[in-house]
Amino acid sequence: MHRLVGYFGAGLLFAGCLAQRASAQKTFTWQEVRDKFEATNPTLQAGKINIAESRAQEITAFLRPNPDMTAGIDQINPFSTQPSPSGGNGYRPFAFAFPLGSISYLHERQHKRELRLESAKKATGIAESSQEDLERTLLFSLRGAFVQTLQAKAVLKLAQENLAYWDKVLGVSRDRYKAGDIAQIDLDRLELQRVQFESDLLTAEVNVRTAKIQLLMLLNDRTPVEQFDVTGPYDFTDQILALEEFRRTALETRPDLKAAVQSVDKAKTDHTLAVANGSTDPIFATDFARNPPIPVYLGFSMTIPLRIFDKNQGEKLRTQLDIERNQKLRDAAQAQVFSDVDSAYAMLNSNLTLLRPYKTEYLKRASKVRDTVAFAYQRGGASLLDFLNAQSDYRSIQLNYLNLVGSYLTAASQLNLAVGREVIQ
């Protein structure tokens, strides 16, 4: 009786631990995983800081030149003696002192300051587009890890179902052996076949764990694997848009192409700034001083540098060439967009071509063949070899289908990457 109570208490404790573990596990959808990734991924956070740095450079670019102030005193005679008002000679070193003060300011012509600000703002725009492109690339990696986790979970579920089905087959076969309906060698072959299903199950469990670890790494999350899970539809969409629709969307949304176009625009601004920097900037100054017998006087001056040799020729040529270089890069980026979209679309169509007959015909036929041969084998109407082959074909068809769905979802992610946004969920 005491032993029974002990077993009962241990069972309750074990059940409580399982319930606590299940309640502690957090399941995320794709949108939740994406939101968490955007909030916690350190690479994305570093990119946002880079944009803030670029905005800070806009402040620097729009700063005005500082004025210069000069103060001095001249004509100090440390050995001077002059008659004093009270009579006699007195020590007066500052009798003919010449104090002087001046303020000068550099006036920038041809809108240099405004052009610097415009160039800095366009650099910030390029930084923002580059950040969007970084996020696009990282989201593809995140989506791939998410799909890999769903695929591993689907394969794990299939392995569990196959093992459970085979255990039922073994139960029936043991009863048949006891009844003398099958030979010992047939039962032994069935028992040995279970090793394959156990191996499939263990491999699937390892794959699920590995996929979750990869996903947690991208999320910068230290949650134990046992407390983390994802959920989502593991299926395919039979109908997709035409290729031209994806091309048009990609041209409108691809951030790397947008950054290439912005680079051309910035290069033109930089060339205009280089031309402006080749112009002369005058320096205006005003000075005031005391020069006995004049008590105070005021003067104005303007200094004009003579740009005879240095007219910023090198920067003008460099920025002109930079315009052409960025135009070539923009054309290359546009060609890359078309190539990415076309390749991803072809891969997606290829997967759909394989998936359609699997879903409409092959899965049902494999299940029907397995059940029919199993029914016949249990009644002596089919050989053991026929039954094993039917089970192997069923397992192969089911596994191929799950892998094809995973390939389709990966190809869909590739198409989303090529287009620049999620066009296929």
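This is a selection-by-selection tour of a predicted model.

**Stop 1: helix α2**

Select residues 30-40, which make up helix α2, and show the side chains of Trp30, Val33 and Phe37, which are buried. Looking down the helix axis, you will find these residues on the same side of α2, because they cover an arc of only 60 degrees around that axis. Next, add the elements that cover them: these include β1 (26-28), α3 (42-61), α4 (112-178), α5 (184-219) and β6 (228-230).

Stay in helix α2 and pick Ala39. Is Ala39 buried or exposed? With a relative accessible area of 54%, Ala39 is exposed, the cut-off for that class being over 50%. Now put a distance label between the C-alpha atoms of Ala39 and Leu219, which should read 8.8 Å. Along the chain, Ala39 and Leu219 are 180 residues apart.

**Stop 2: a nonpolar patch**

Switch to a surface display and colour Ile73, Ile76 and Phe94. Together, Ile73, Ile76 and Phe94 make a nonpolar surface patch of about 300 Å². Ile76 sits in the loop that runs between β2 (68-74) and β3 (81-83). Its relative accessibility is 40%, so Ile76 counts as partly exposed.

**Stop 3: the loop before α4**

Go back to a backbone view and select Gln110 and His111. Gln110 is in the loop between β5 (98-106) and α4, and His111 lies in the loop between β5 and α4 as well. What is the sign of phi in Gln110? The value is positive, near 55 degrees, in a residue other than glycine. His111 is not a glycine either, and has a positive phi of about 60 degrees. As for accessibility, Gln110 is partly exposed at 41%, while His111 counts as exposed at 58%.

**Stop 4: along α4**

Select α4 from end to end and label the distance between its end C-alpha atoms. The label should give 98 Å; at 1.5 Å a residue, the 67 residues of α4 should span 99 Å, which agrees. Just after α4, click on Gly180, where phi is positive at about 80 degrees.

**Stop 5: salt bridges**

Side chains of opposite charge can pair when their charged atoms come close. How many salt bridges does a search of the whole structure find? The search finds 33. The pairs below are a selection.

- Arg194 and Glu198: their side chains meet in a salt bridge with an N to O distance of 2.0 Å. The two are 4 residues apart in helix α5, so about one helical turn separates them. Arg194 is partly exposed at 21% relative accessible area, and Glu198 is partly exposed at 33%.
- Glu226 and Arg209: here the side chains form a salt bridge at 2.8 Å, N to O. Glu226 is in the loop between α5 and β6 and Arg209 is in helix α5, so the pair ties together parts that are 17 residues apart in sequence. Glu226 counts as partly exposed at 31% relative accessibility, as does Arg209 at 41%.
- Arg248 and Glu245: the closest N and O atoms of this salt bridge are 2.8 Å apart. Both residues are in helix α6 (residues 243-253), with a separation of 3 residues, about one turn of the helix. Arg248 is partly exposed at 41% relative accessibility, and Glu245 is partly exposed with a relative accessible area of 35%.

After these pairs, select Asp133, Arg136, Arg254, Asp256 and Asp340 as one group. Salt bridges with shared partners join these five residues, Asp133, Arg136, Arg254, Asp256 and Asp340, into one network.

**Stop 6: Arg370**

Finish in helix α8 (residues 313-378), where Arg370 is placed. Is Arg370 buried or exposed? Arg370 counts as buried, with 8% relative accessibility, under the 20% cut-off. To see its surroundings, show the residues that Arg370 touches: Asn162, Tyr165, Ala390, Gln391 and Tyr394, leaving out residues up to four places away in sequence.

How values were computed: Residues are numbered from 1 along each chain as its sequence is written. This is a predicted model: local features need pLDDT of at least 70, side-chain atom pairs count only at pLDDT 80 or more; totals for chains, interfaces and linings use all residues. Side-chain values use heavy atoms; hydrogens and water are left out. Buried means under 20% relative accessible area, exposed over 50%, partly exposed in between (1.4 Å probe, protein chains only). The arc is that of the directions from the helix axis to the C-beta atoms. Contact means heavy atoms within 4.5 Å. Patches are made of residues with over 30% relative accessible area and no salt bridge: like charges are joined within 9 Å, nonpolar side chains (Val, Leu, Ile, Met, Phe, Trp, Tyr) within 5 Å. Accessible areas come from the Shrake-Rupley method with a 1.4 Å probe; for residues, only the protein chains shown count as cover. A salt bridge is a side-chain nitrogen of Lys or Arg within 4 Å of a carboxyl oxygen of Asp or Glu. The expected span of a helix is 1.5 Å times one less than its number of residues.
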